[in-house]
Amino acid sequence: MVDIFPKAKQVDVMLLLEGTFPYVSGGVSSWVHQIIKGFPDLDFGAVFIGSKADEYGEIKYALPPNLKHLQVHYLHDEHITPPVAPCAGDPHGFEILQRLHSWFANPHPDGLPAELKQASFYLKAKGGVDYSQFLYADRSWQYICSLYRERCTDPSFVDYFWTVRNMHAPIWQLAAIAGSLIPARAYHTVSTGYAGFLGGLLHHHAERPLILSEHGIYTKERRIDIFNNEWIQDNRNAMQRDPTEISYFRDLWIRFFETLGRFCYDASGQIVSLYEGVRQRQISDGALPEKISVVPNGIDVARFAPLRTARPAKPPKVLALLGRVVPIKDVKTYIRAIRVLVNHIPELEGWVVGPDGEDPEYAAECRALVLSLDLADCVRFTGFMNPVDLFPQIGLLVLSSISEGLPLVALEGFAAGVPLVSTDVGACRQLIEGVGEQDQALGVAGAVVPINNPQALAVACLSLLQNQQAWDQASQAAITRVETFYTQQQMFARYHALYQEALS
Amino acid sequence: MSSLKLLIYALLSEQSALLSIFGTQPVWQRVFFFLAAHLLASVLFSLLLTASFPKRFISSRKGLLGLFFSFNFFVPVFGALGTLLLLLYFKWFLKEAERTEFSNVPLPPFLAESADLGSGMGEGGAWSRLRTLDLPRELRLKALLSVGTSSGHNSSRLLQHATGDSDDEIRLLAFNLHERQEQKIQQTISAELHELKTAETPELKASVCRNLAFSYWEMVYSALAQDDLRDFFVEQAAKYAEQALQLDAKNPALLVLVARIYLQKRDYKLASETIQKALSEGADPLKVLPYQAELAFYERDFKTVRRLLQQDATIRFRPGIGPVAQFWGVR
């Protein structure tokens, strides 16, 4: 494959991106795009980490001119095992590896053993443990066997062996990336996980600062995925199984991602949260409070302000869920709420505005749900629409998500005067009701409802759509709030200071 | 009176009975004295034995008393000797052997493989843990995982409750478990709706409509929808049941479903008529019985409720309806 991406020999800020910009559209990707464009004086680089190339389509964003370097790595596609080469394994390297595992079991406040912070540990055959040793060395086999005997409560050694192998393989891939990446004056990751681990390695390897901007909590989202996926085996029989306990392999995966998260928190000099809730969670997950600052998202209000006059005086009987058609957005609850609403307002329409290619199976389920609820004439899957075209046509913006950060679409809707009805997730309550005396005095910019509750969602929408005064007040509160607290200029000012410190 | 005194009187009575046989009085007097003293000794011995007998084995005190009395009275002398031996046994050996009901045994190897055997958790335990917000997250997650392994309306309600939890992780997990339960039924509905478009023969169409009616009803029965959405599912179930009945009017299972839909809609007259129709078409009377009882309850005819529930000897052991039947005095 020909590498058509821009290349440079050095950049100011290297962004480390996992499953987001430029291949996936969404809030985080838009934010990354916004940040790069917002600092035209800085040369940015980006490392995109994905799973498999065929899971991503074309690049979704126009690459800004100051994105001078982009390299793309697919962990599954690039997982090429070296030729089989039997060896004993470096005794010193494996001794350090054992210390690493002890540290994972009982993290010490002084942090990781120094040798393990270096990418070179994973790349060199002498004094370290390279990928070939991890796969083929006698010591590696013996170490895995001893850990199985000591810790594993699942009866299948075969599953244990392959779980350990598959789980750890990306570590060596990421170390290889860290070892060969062009120099940067600072590293900036937008999540923990693999990107965060790469950031930690780069920080120690190049001795340059690492900034972490965490929009959601990566570890929490992986944890939920692991709880629910079907492919992680549980080989215990009915007598061995306790319904209140998760299986050993699920627990192993959760601990793995928690460890990656701790490694990233440990390496980061500055940790940015979008709102107070994320900050608290980061602290409970091991981040030091003094490193964390809260910087909410901000938008270009001027871009959306002209839309206010283009909107009809009465609320249009059209609702829009603006987001990707993926399970985390809980589009199904939105569709169910439309069913309830149509009983009261037969001419009402519910639009699902966003790409549906990321999870085709879920998108198909949503379409099937529309048919089973007899809503074929009321619900439209419009695909991507420019918000500038969308906002004048809708009465309310709806977010039925089960997890959110601080959604940019909500801010954009606010700037256009569109009230928001949202589930009580992430910073949505803060956006709608305000936080602090001054903010709350601005009024309520919509309504907050519990997750997975179509009735509550429908009732909240109904009360705004059928009450002109409430709708007008919500619209005004939305405009004032975004203009006061969530402008792009405010966010850039905070990041300017962060970058100044990191680059100095 | 103490046991020792009773024992002395019993022994003296038995001794008197024995001595009276060898006396010089006329025969009828000796027989009379023997019987009187032996009767007294037998009563005293049987009282003593009953009092000493381990309580956990006593199901009927009168029966036990009768047994010991017979043993003593109809087996003179030897009965008394046997009683003495039994008393000694009860007094000394049972007292020494404070029997433990449970003893520790090593786990069999297939169980010992598991590092930690959990105690498990019922619905009640899970409710109480999930409602207690200040419990550690790990404990509440355990409760949720336990709920996730079961199904039915209680489980759905609990998961629905947990989706409103203040802890992000709890509510996300609850949401996913709830969604998984709903997804199974939703997939059936979608597949049947698709099938309905292509169904050509009346038999096939009737079968698809029947499946759709039951699937929509399952959403209601499993408490996977509330308020307006539940009403919509009830209407859909009624609509497809009606269509299926037009093609298969004598299907007793469908008629029972229609009756249940009428019950849900509180149309008791039609529900009652449909139940009768289902019964006349061969519906299992025992399966229909709870709905008839429910109808009687709404009509405040509590005698009929009790009478109906008592018609099924096994109803008290069935999950769901069992506790209801027991409440109404079904033994």
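# Notebook: patches, salt bridges and odd backbone spots

I started with the nonpolar patch, where H4(B) gives the most, with three residues. The model is predicted, and I read every entry below with that in mind. Helix H3 (61-74) and helix H4 (78-96) of chain B each supply at least two residues of this patch. I listed its members: Phe71(B), Phe74(B), Val75(B), Phe78(B), Leu81(B) and Leu86(B). Together they have about 590 Å² of accessible area. I picked out Phe74(B), which is found in helix H3 of chain B. Phe74(B) counts as exposed because its relative accessibility is 62%, and the cut-off for exposed is over 50%.

**Charged patch**

Next I looked for charge on the surface. I found a negative patch formed by Asp54(A), Glu55(A), Asp77(A) and Glu78(A). I followed Glu78(A) to the loop between strand S3 (67-74) and helix H2 (91-105) of chain A. Is Glu78(A) buried or partly exposed? I noted 33% relative accessibility, so Glu78(A) counts as partly exposed.

**Salt bridges**

I then turned to paired charges. Side chains of opposite charge can pair when their charged atoms come close. My search of the whole structure gave 29 salt bridges over all chains. I wrote up three of the pairs.

Arg223(A) bridges to Glu138(B), with the closest N and O atoms 3.2 Å apart. This pair crosses between chains, from helix H8 (residues 218-228) of chain A to helix H7 (residues 137-148) of chain B. I compared the cover on the two ends. Arg223(A) counts as buried at 9% relative accessibility, whereas Glu138(B) counts as partly exposed at 48%.

Lys332(A) and Glu179(B) also meet in a salt bridge, at 3.3 Å from N to O. This pair too crosses between chains: Lys332(A) sits in helix H13 (residues 331-344) of chain A, and Glu179(B) in helix H9 (residues 168-198) of chain B. I found Lys332(A) buried at 4% relative accessibility. Glu179(B) is buried as well, with a relative accessible area of 10%.

The third pair stays within chain A. Asp439(A) forms a salt bridge with Arg481(A), and the closest N and O atoms are 2.6 Å apart. Which parts of the chain does this pair link? I traced Asp439(A) to helix H18 (residues 437-440) and Arg481(A) to helix H20 (residues 468-485), 42 residues apart. Asp439(A) counts as buried at 2% relative accessibility. Arg481(A) is buried, at 0%.

I also checked for shared partners. Salt bridges join Arg223(A), Glu258(A), Arg281(A), Asp285(A), Arg137(B), Glu138(B), Asp167(B) and Glu169(B) into one network. The Arg223(A)–Glu138(B) pair from my earlier entry is a salt bridge between two of these members.

**Cysteines**

How many disulfides does the structure hold? I counted zero over all chains. I took Cys428(A) as a case. Its nearest cysteine sulfur, that of Cys461(A), is 13 Å away. Cys428(A) is in no disulfide because a disulfide needs sulfur atoms within 2.5 Å. I logged Cys428(A) as buried, with a relative accessible area of 0%. In chain B, I logged Cys209(B) as buried at 1%.

**Helix H16 of chain A**

I went through H16(A), residues 408-415, for cover. The helix is mostly covered, with seven of its eight residues buried. The buried ones are Leu408(A), Ala410(A), Leu411(A), Glu412(A), Gly413(A), Phe414(A) and Ala415(A). Just after H16(A), I noted that Gly417(A) takes a positive phi of about 85°.

**Backbone spots**

I looked for a cis peptide bond and found one joining Phe21(A) and Pro22(A), with omega about 0°. Pro22(A) lies in the loop between strand S1 (11-18) and helix H1 (27-38) of chain A.

I then listed positive phi values in residues other than glycine. Asp330(A) has phi near 45°. I placed Asp330(A) in the loop between strand S8 (318-322) and H13 of chain A. Is Asp330(A) buried or exposed? Asp330(A) is buried, with a relative accessible area of 0%.

Ala223(B) has a positive phi near 60°. I placed Ala223(B) in the loop between helix H10 (202-221) and helix H11 (227-247) of chain B. At 6% relative accessibility, Ala223(B) counts as buried.

Conventions
Residues are numbered from 1 along each chain as its sequence is written. Chains are lettered from A and ligands numbered from 1 in the order in which they are written. This is a predicted model: local features need pLDDT of at least 70, side-chain atom pairs count only at pLDDT 80 or more; totals for chains, interfaces and linings use all residues. Side-chain values use heavy atoms; hydrogens and water are left out. Patches are made of residues with over 30% relative accessible area and no salt bridge: like charges are joined within 9 Å, nonpolar side chains (Val, Leu, Ile, Met, Phe, Trp, Tyr) within 5 Å. Accessible areas come from the Shrake-Rupley method with a 1.4 Å probe; for residues, only the protein chains shown count as cover. A salt bridge is a side-chain nitrogen of Lys or Arg within 4 Å of a carboxyl oxygen of Asp or Glu. Lys and Arg count as positive and Asp and Glu as negative; His and the chain ends are not counted. The place of a charge is taken as NZ of Lys, CZ of Arg, CG of Asp or CD of Glu. Helices (H or I, at least four residues) and strands (E, at least two) are DSSP runs, numbered from the N terminus. Buried means under 20% relative accessible area, exposed over 50%, partly exposed in between (1.4 Å probe, protein chains only).
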